[in-house]
Amino acid sequence: MGSALFIPGVSNIAEAKSPALIKGEKPLILSTWNHGLPANAAAVAKLKAGGTIIDAVETGVRDTELDLSNLSVGLQGLPDREGITTLDASIMSGDGSCGAVAFVRQVKHPISLARVVMEKTPHVMIVGEGARQLAIAEGFPIEKEELSPNAKKAYLKWKETSQYKPIINIENHDTIGMIGMDAKGNMAGSCTTSGLSYKMHGRVGDSPIIGAGLFVDNEVGAATATGLGESIIRICGSFLIVELMRQGRTPQEACEEAVKRLIAKNKDIKDIQAGFLAMNKDGEVGAYAVHPGFNYAKATLQKNEMIDSNSQFTG
Ligand code: SD4
């Protein structure tokens, strides 16, 4: 416990280790894309109801996993090239605990299964049929394997040409990555997706890979990613951002540096979109993308708003 300091307007002062800790507003929740707005609202409601920050980031993205209008999160997401929807998710707490599932079928809430991996198994990642078996063992309902009407329509259309070309920017329809900090400065993050549409069967993206799609460290900050997973995995994007912040960069500087690194390490960058979102333990925020179009939702107890990110290329 830190020594008692008197700083007006700060209720958690007994926890404060230095004046720097109170720069930003806390709690703070950030989420990728427009669907981040309702997800943030669900996360903040969970905190207000007494939930922990891990409860909040799980609850927040569960909302997106159920959103029937979303074609890249949850079982209603677009399928792989065999017509099967497979899901990836990860969850991480600022103390280093983490869990992930990948290439999972028929489970509506992969984020909650990732939490089971984190809390109830000695492992960090469980994939495919093993993850489905874990879901059954834990009493998760197993859904019928059928495409949502929107996904089916899109898949049949895609099959007319079967061209695999990642679409550069699908606003409002992308992975949700959420990072959050409670009033005491404890952090957590979650990330959940159906991955790239029409991917090869068995393909796993960055979202369930700790350090690529998500990384959280209470000593420094948190980061999450969206976009072409292969490009993000190549640079360990989220871990890179947290490590840059550890070395003194602001969240914005760290996100910009990660995008520069990603551009340097990936060919055909004109066809690749990737975006990063970060916060540090002071509650400062950063976001940056390769191309325009990336936005995120930022919520405090008082306000939940969309913010457009800047990008390296301007369109
Ligand atoms: C992936 N990063 O699987 C994810 C995709 C994404 O829908 O962000 N979009 O590569």
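**A walk through three spots**

Let's start with Thr-175, which the UniProt annotation "active site" (unreviewed entry) covers; such annotations may be inferred rather than shown by experiment, and their positions are given in the numbering used here. That numbering runs from 1 along each chain as its sequence is written, and the model is a predicted one, where local features need pLDDT of at least 70, side-chain atom pairs count only at pLDDT 80 or more, and totals for chains, interfaces and linings use all residues. Side-chain values use heavy atoms, with hydrogens and water left out.

Where does Thr-175 lie? Look in the loop between helix H5 (149-159) and strand S5 (176-181); helices (H or I, at least four residues) and strands (E, at least two) are DSSP runs, numbered from the N terminus. Thr-175 has a relative accessible area of 8%, so it is buried (under 20%; exposed is over 50%, partly exposed in between, with a 1.4 Å probe and protein chains only). Leaving out residues up to four places away in sequence, Thr-175 touches several others, including Thr-32, Trp-33, His-35, Cys-191 and Ser-207 (contact means heavy atoms within 4.5 Å).

Next, find His-109 in the loop between strand S3 (98-104) and helix H3 (110-120). His-109 counts as buried because its relative accessibility is 10%. Its contacts, again not counting residues up to four places away in sequence, are Arg-62, Glu-65, Leu-66 and Phe-140.

Now for Met-125, which sits in strand S4 (residues 125-127). Is Met-125 buried or partly exposed? At 37% relative accessibility, Met-125 counts as partly exposed.
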